[in-house]
Structure formats: C-alpha cells, structure tokens
Amino acid sequence: MTKPGWRDLAIGAILEKGGTALEFKTGDWRTYKPIWSQEKCTSCLFCFIYCPDFCIEIEDGKMIGINYDYCKGCGICKEICPKQAIEMILERR
Amino acid sequence: MPIKALTGNEAMAEAMRQINPDVVAAYPITPATEVVQLFAQFVADGKVDTEFVAVESEHSALSACIGAAAAGGRVMTSTASQGLALMHEMLYIASGLRLPMVICEVNRSMSAPINIHCDHSDTMGSRESGWIQIFSEDSQEAYDSVIQAIRISEQAFLPCMVSLDGFIISHCMQGINELTDTEVQEFIGEHKTPYSLLMDGHPFTIGALDLQDYFFEHKRAQIEAMENVLPIIKSVGKEFSKRTKRGYGFFEEYMLGDADICLIALGSCAGTAKVAIQELRDKGIKAGLLKLRVMRPFPYKEIVSALFNIKAIAVLDRSTSMSTMGGPVFIELRSALYDNPVHPLMVNYIYGLGGRDIFPRDIVEVGQKLENIKRTGKIEKMIDYIGVRE
C-alpha cells in the first residue's frame with residue numbers, strides 16, 4: 001500500500017475516527033509478564049484501580065484475567081495485590 | 001473612532017475585550033504583566049462572554065487553550081518571560097496540531113540572573129516553535145496587531161503571538177485610536193473550524209502517536225502552512241488599513257528609499273531609531289530604517305529586495321542567540337542575503353538586555369560607525385554591544 005504524500009494528509013494530524021489507541025498494541029514492550037492465580041484472587045479489584053493501562057479484565061464485578069495485548073508488564077498489579085495472586089515471570093519470546 | 005489613553009497592557013487587554021474570545025486560560029506567574037489581570041476584570045464585570053480558566057501554571061494555561069481550540073473555540077491568553085518559557089512544550093503542541101489561538105506576549109528577559117525588564121530573549125527563544133510572531137513598536141501597533149492576529153491565525157490554522165516591549169511599552173501610556181466593538185467584531189468575523197471535539201456524532205482523534213512513517217509528512221505540511229502565512233498577513237493588513245488608514249505589512253520602511261546605509265530594529269527601539277535617523281540625515285548621512293514587524297515567518301525575500309541598494313547594514317538585536325554569531329535577526333538576515341549578487345557589509349549590535357535603556361545618541365553613533373564602514377569597506381567588530389560596561 002502506498003502511503004499518502006504530505007499534501008494529502010488531514011490538517012493537524014487528525015484521524016477521522018475515535019478510539020485509535022486500540023490499534024496500537026503495547027503488549028510487546030513487556031519484559032516481565034503478570035501471571036494471575038484465580039485460586040488466590042478475591043476480586044478486590046485493587047489491581048483494576050491501579051493498572052495504568054486498563055489491562056485487568058473484569059466481568060460482573062469479578063476479575064477474569066489480564067489483557068496481554070496492552071499489558072506492558074510494569075508489575076504494579078503484583079505490588080498492590082494483598083493476596084499475592086499475581087506473579088511476574090520473565091517472558092521469553 | 002474613539003481615542004483612549006492606554007498603557008500597552010491596557011491596549012492589549014482592550015483588544016481582547018473587543019474580540020470577546022470564547023476561552024481565555026491564563027496564570028499570572030512572575031513576571032507576568034497586567035494583561036490577564038485587566039481581562040479578568042472584564043470577565044468579572046460581565047463585559048465579555050469569555051470562559052476564564054484560572055490555572056496553576058503557564059504550561060496548564062496553554063494546555064487548556066489547546067483543548068479549547070480543539071473544541072472549536074476562539075482562544076486567547078497572555079504571558080511574558082519565564083511564563084512563555086513554561087509554555088514552551090505546549091507551543092509546539094498548539095502549532096503541530098494546527099490550532100489557531102493568540103498570545104498577547106510582553107517581551108521580557110529570561111532569568112537568570114533574575115530580571116523582569118525588557119528584552120526579546122523570551123519571544124526569540126520560541127521562534128522555532130511554529131508560531132507566527134508579530135512584534136510591535138508601540139501600543140497602537142500592538143492593539144491593531146492583536147485584532148489582525150485573530151484573523152491571520154484562524155485563516156492559517158497556526159497559532160500567533162503578538163508582542164510588545166515590557167515596561168517601555170507595556171507600562172507606558174499612549175493615545176490609542178480604537179475601533180468600536182462592532183467594527184472589531186465585523187473585522188474578525190465568526191470563528192469557523194472544519195472540525196471540533198464537540199461535534200456530535202463525528203468522533204476524531206487529535207494528538208495521536210505519529211511515528212517514523214507519517215511524522216515527517218505532517219511537519220512538511222506545517223512548514224507549507226507557514227509559507228502560506230505571508231500572503232495572509234498581507235491581505236489582512238490591507239483590509240485593516242482600509243478601515244483604519246493604518247497600514248501593516250511585514251516591515252516598515254523609514255527613509256529607506258534613497259538610503260545607502262540601513263539600521264534594522266524591531267519593537268520599541270524602532271521609534272528611538274527613527275529619531276536617530278533624522279539626526280543622521282541632518283549630518284548628511286543617508287541612513288534609513290527597516291523596522292521588522294513579522295519575525296515568523298521570516299519575510300526574507302521581501303527584506304532582501306527592500307535592502308537592494310544598501311551598502312552597509314547594522315542589525316540591532318535586543319537578544320542574543322548565544323551562538324557567538326550574534327543576535328537572531330542578524331543571523332537570519334545575513335543568511336537571507338547570501339544569494340544576493342551584491343553583499344552589503346553587515347554588523348550586529350546587541351543592546352538593551354535586561355531592560356538597559358537605549359538612547360537616540362547610541363543609535364546616532366551606530367549610524368556614524370556604519371557610515372564609516374561604508375566608506376572604508378572595513379569592519380572592525382562584526383558583533384558589538386551598546387552600553388555595556390567594559
């Protein structure tokens with residue numbers, strides 16, 4: 001696909017739609033990967049509140065997993081978890 | 001047209017009142033001038049419909065302006081010196097996103113050492129930020145330019161700062177020929193944007209990540225927008241002069257027609273220089289003045305053609321680039337003259353840093369030295385300083 005030249009771009013680098021950050025997956029920035037233990041988790045949702053990338057997935061008020069498409073592996077969820085339900089492991093690709 | 005005795009600050013605030021912007025976000029950091037305070041009074045007295053956002057810093061002030069402009073508002077603010085420096089990051093955001101807005105800027109020195117008085121280091125420090133920059137000799141020009149800046153900025157989709165000299169003009173009272181409120185509104189017209197964050201049902205993204213494959217194209221388009229500013233300034237100035245008989249171009253030529261030596265100045269010093277030019281003429285020296293009004297974009301082609309018959313030039317810079325090659329106007333003008341078949345002799349005088357006064361006699365001396373340079377063809381000092389103790 002040929003990319004447009006500078007004359008054909010919208011003024012001010014505007015994109016004619018919303019929610020475009022979804023298309024930019026930041027999960028591959030990760031070095032350490034959070035592993036969630038469903039057994040230990042009490043769904044207090046501290047991690048949901050603290051996660052800077054909205055990567056804690058919840059359903060009906062319960063934690064159901066982690067969105068690895070956007071999780072950058074910062075480890076804040078592990079630090080904040082009162083039940084040690086999240087473990088950070090070195091991710092090898 | 002009513003004539004009012006106003007200080008430079010009051011003249012700018014009065015222009016803002018008549019423009020009646022949708023949003024003004026500002027913070028009076030030291031050394032801010034009274035512009036914002038005066039405008040806040042207009043808001044408090046119900047004389048404008050403006051949403052006044054009092055923020056906690058200039059960085060936030062310009063951030064709020066950017067948001068308001070993206071929402072389609074007509075936006076203004078005012079600052080000076082360190083305040084403009086604190087806006088620096090956001091200056092690039094405003095211009096890169098191509099958001100029209102106007103800053104009433106009062107030229108004041110950049111600390112350290114701490115100093116609140118006039119020089120051009122603050123404004124010149126922002127000359128690569130993608131803002132249109134218009135300097136004013138006096139309060140009348142500042143008042144007129146602020147009104148024109150709204151049109152220029154909104155037509156070019158680029159932000160614009162109009163500056164006047166701190167204290168010398170900002171705190172000095174002068175008779176201002178005002179337009180009526182209706183005339184100002186007629187002149188600036190309605191603010192129209194092709195897009196707005198508040199457009200219902202038309203979501204768009206502004207300020208998205210723009211990497212190696214697109215950023216350069218966006219910057220190229222921004223440079224083109226800057227190229228297109230000059231004709232806009234010209235046509236807006238022409239229309240303004242039709243109403244007011246006060247003409248505005250990129251620069252003013254004073255006794256330049258038959259001159260063989262020329263002084264270049266911007267801001268209040270141009271007024272002092274005019275007095276000095278008269279005195280030099282009385283001494284038989286054919287001196288002229290080119291008063292630069294538009295610094296960004298730099299109207300180099302027009303300046304070069306105006307200086308065609310000039311044998312020697314002295315550029316008066318009220319700031320230094322710290323490059324050891326002189327002040328910003330000197331450097332840019334020298335570069336502009338490079339392609340000329342004949343090269344005039346050029347010297348640079350740095351003056352007035354931190355509010356140091358400059359007198360007609362100082363500029364007369366510059367003219368006499370320049371006459372000597374013209375006659376002998378010899379430059380002893382390419383860069384010199386007026387009024388600094390050795």
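The following exercises, each with a worked solution, concern a predicted model.

**Exercise 1. The interface**

Determine how many residues of chain A and of chain B are in contact, and which residues of chain A supply the most buried area.

Solution.
- Step 1. On the side of chain A, 17 residues are in contact with 20 residues of chain B.
- Step 2. About 1,500 Å² is buried between chain A and chain B, and carbon and sulfur atoms give 71% of this area.
- Step 3. Trp6(A), Ile11(A) and Ile14(A) supply 39% of the area that chain A buries against chain B, more than any other three residues.

**Exercise 2. Charged and polar pairs across the interface**

State the count of salt bridges between chain A and chain B, and identify the residues concerned.

Solution.
- Step 1. The count between the two chains is one salt bridge.
- Step 2. Lys3(A) and Asp213(B) form this kind of pair, with their closest N and O atoms 3.4 Å apart.
- Step 3. The cut-off for a salt bridge is 4 Å, and the pair qualifies because its N and O atoms lie within that limit.
- Step 4. Four residue pairs are in polar contact between chain A and chain B, both residues being at pLDDT 80 or more.
- Step 5. By class, the side of chain A that touches chain B has nine nonpolar, five polar and three charged residues.

**Exercise 3. Salt bridges within chain B**

For the salt bridge of Glu137(B) with Lys274(B), state where each residue lies and whether each is buried or exposed.

Solution.
- Step 1. The closest N and O atoms of Glu137(B) and Lys274(B) are 2.8 Å apart.
- Step 2. Glu137(B) is in the loop between β6 and α7, whereas Lys274(B) is in helix α11; the two are 137 residues apart and link distant parts of the chain.
- Step 3. Glu137(B) has a relative accessible area of 12% and is therefore buried, the cut-off being under 20%.
- Step 4. Lys274(B), at 15% relative accessibility, also counts as buried.

Compare the setting of Asp144(B) and Arg246(B) with that of Arg220(B) and Glu224(B).

Solution.
- Step 1. The side chains of Asp144(B) and Arg246(B) meet in a salt bridge of 2.6 Å, N to O.
- Step 2. Asp144(B) is in helix α7 and Arg246(B) in the loop between α10 and β9, 102 residues apart.
- Step 3. Asp144(B) is buried at 0% relative accessibility, and Arg246(B) is buried at 15%.
- Step 4. Arg220(B) and Glu224(B) meet in a salt bridge of 3.3 Å, N to O.
- Step 5. Both Arg220(B) and Glu224(B) lie in helix α9, four residues apart, about one turn of the helix.
- Step 6. Arg220(B) is partly exposed at 30% relative accessible area, as is Glu224(B) at 25%.

**Exercise 4. Backbone features of chain B**

Identify which residues are joined by cis peptide bonds and give the location of Ala112(B) and Pro297(B).

Solution.
- Step 1. Ser111(B) and Ala112(B) are joined by a cis peptide bond, with omega about 5 degrees.
- Step 2. Ala112(B) lies in the loop between β5 and α6.
- Step 3. Another cis peptide bond joins Arg296(B) and Pro297(B), with omega about -5 degrees.
- Step 4. Pro297(B) is in the loop between β12 and α12.

**Exercise 5. A histidine in a loop**

Establish whether His120(B) is buried or exposed, and which residues His120(B) touches.

Solution.
- Step 1. His120(B) is in the loop between β5 and α6.
- Step 2. With 0% relative accessibility, His120(B) counts as buried.
- Step 3. Leaving aside residues up to four places away in sequence, His120(B) touches several residues, including Asn107(B), Phe135(B), Asp165(B) and Arg318(B).

Terms used. Residues numbered from 1 in each chain as written. Chains lettered and ligands numbered in written order. Predicted model: local features only at pLDDT ≥ 70, side-chain atom pairs only at ≥ 80, totals over all residues. Heavy atoms only, no water. Contact = heavy atoms within 4.5 Å. Buried area = accessible area lost by both parts, 1.4 Å probe. Polar contact = N/O pair within 3.5 Å; in protein donor to acceptor, adjacent residues only side chain to side chain. Nonpolar A, V, L, I, M, F, W, Y, C, P; charged D, E, K, R; others polar. Buried < 20%, exposed > 50% of the residue type's maximum accessible area, 1.4 Å probe, protein only.
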